[in-house]
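Subject: Structure for your review

Hello,

Here is the structure I said I would pass on. My notes follow below it; please read them with the structure open.

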Amino acid sequence: MLKKIFAGFASASLLAAAPAWAAAAPARDNMSHALTVTGMVETPLTLKVADLRQLPPANGGDIAVTRHNGDKAETITSYKGVRLRDILDKAVLDAPGHNDVKKLAIIATATDGYAVVFSWGELYNSPAGEGVIVYYEKNGKALDENDGEIALISAKDIRTGPRHVKWLNGIEVRKLVE
């Protein structure tokens, strides 16, 4: 019995001490304050939310964010942003050869290292491209630390979660083959 009481006190002491040692570890700042567009583009860009607001708007809503297994993660009732392809058009894809655009991959990366991939054909030659949105507002509010200041979603994917990039801070255009 005495062992159980002592163990209880020891556990309570460790729990009470946990916030002190946990607070000593630096918090990771995942906020995305700007989006850079690099790689196979004629004009590399760095865009903040104010810059994104100057591009043609893509507004909408009612997106169920679903995980890879189909489970619902959240619902976005409204969003304000811009189509990824409008950002790429502003940067001007560097694809001078007749079929060069067909060899491009577009990689969207977050501050925490999460990355997703789109093909040129998907963004420019299919209905899916209409729904690849870089957004800065959701559900009537500016994005917060849960999403970063800038995020991306592929709204026309069957499962939207796997290509939902919170804390978006990079778009890189790569040529896959010669």
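How many residues lie between β1 and β2 in the hairpin that they form? There are 5. Please bear in mind throughout that the model is predicted.

**Strands**

In that hairpin, β1 covers residues 35-39 and β2 covers residues 45-47. The two run antiparallel and are paired over 3 bridges. One of the bridge partnerships joins L35 to L47 in β2. β1 also pairs with β12 (residues 168-175), here in the parallel sense and over 4 bridges. T36 has G170 of β12 as its bridge partner. β1 is thus paired antiparallel with β2 and parallel with β12.

A further hairpin is made by β4 and β5, again with 5 residues between the strands. β4 spans residues 63-66 and β5 spans residues 72-76, and 4 bridges hold the antiparallel pairing. I63 is bridged to I76 in β5. In the turn, G70 has a positive phi of about 95°.

**Nonpolar cores**

The largest nonpolar core contains 34 residues, and L84 and V134 have the most contacts inside it. Another core lies apart from it and has 10 residues, including I63, I76, I133 and A151. I63 and I76, bridge partners in the second hairpin, are therefore both members of this other core.

Beyond four places in sequence, L84 touches I106, F118, L123, V132, V134, L152 and I171. L84 is also one of the buried residues of α3, together with R85, D86, I87, L88 and A91. This helix runs from residue 84 to residue 91, and 6 of its 8 residues are buried, so that α3 is mostly covered. V92, just after α3, takes a positive phi of about 65°.

**L152 and T160**

L152 sits in β11, which covers residues 151-154. Is L152 buried or exposed? With a relative accessible area of 0%, L152 falls under the 20% cut-off and so counts as buried. Setting aside residues within four places in sequence, the contacts of L152 are L84, A108, F118, V132, I133, V134, Y135, R163, H164, V165 and L168. One of them, V132, is 20 residues away in sequence, yet the C-alpha atoms of L152 and V132 are 7.1 Å apart in space.

T160 is in the loop between β11 and β12. Its relative accessible area is 3%, under the 20% cut-off, which means that T160 is buried although it belongs to a loop. Its contacts beyond four places in sequence are I63, A64, V65 and T66, along with I153, S154 and A155.

**Largest pocket**

The largest pocket holds about 270 Å³ of space. Its lining consists of 14 residues, and V65, Y114, G161, H164 and K166 are the closest to the pocket centre. By class, 7 of the lining residues are nonpolar, 3 are polar and 4 are charged. Two residues close to the centre have appeared above: V65 is a contact of T160, and H164 is a contact of L152.

If you want a place to start, I suggest the surroundings of L152, whose contacts include L84, one of the two residues with the most contacts inside the largest core.

Regards

Terms used:
Residues are numbered from 1 along each chain as its sequence is written. This is a predicted model: local features need pLDDT of at least 70, side-chain atom pairs count only at pLDDT 80 or more; totals for chains, interfaces and linings use all residues. Side-chain values use heavy atoms; hydrogens and water are left out. On a 1 Å grid over the protein atoms alone, a cavity is a set of points where a 1.4 Å probe fits but cannot get out, and a pocket is an open set with protein on both sides within 12 Å along at least five of seven lines; lining residues have an atom within 4 Å of a point. Grid points are joined across faces, edges and corners, and a volume is the space filled by probe spheres set on the points. Ala, Val, Leu, Ile, Met, Phe, Trp, Tyr, Cys and Pro count as nonpolar, Asp, Glu, Lys and Arg as charged, and the others, Gly among them, as polar. Two strands pair if DSSP finds at least two bridges between them. A nonpolar core is a set of buried Ala, Val, Leu, Ile, Met, Phe, Trp, Tyr and Cys residues joined through side-chain atoms within 4.5 Å. Buried means under 20% relative accessible area, exposed over 50%, partly exposed in between (1.4 Å probe, protein chains only). Contact means heavy atoms within 4.5 Å.
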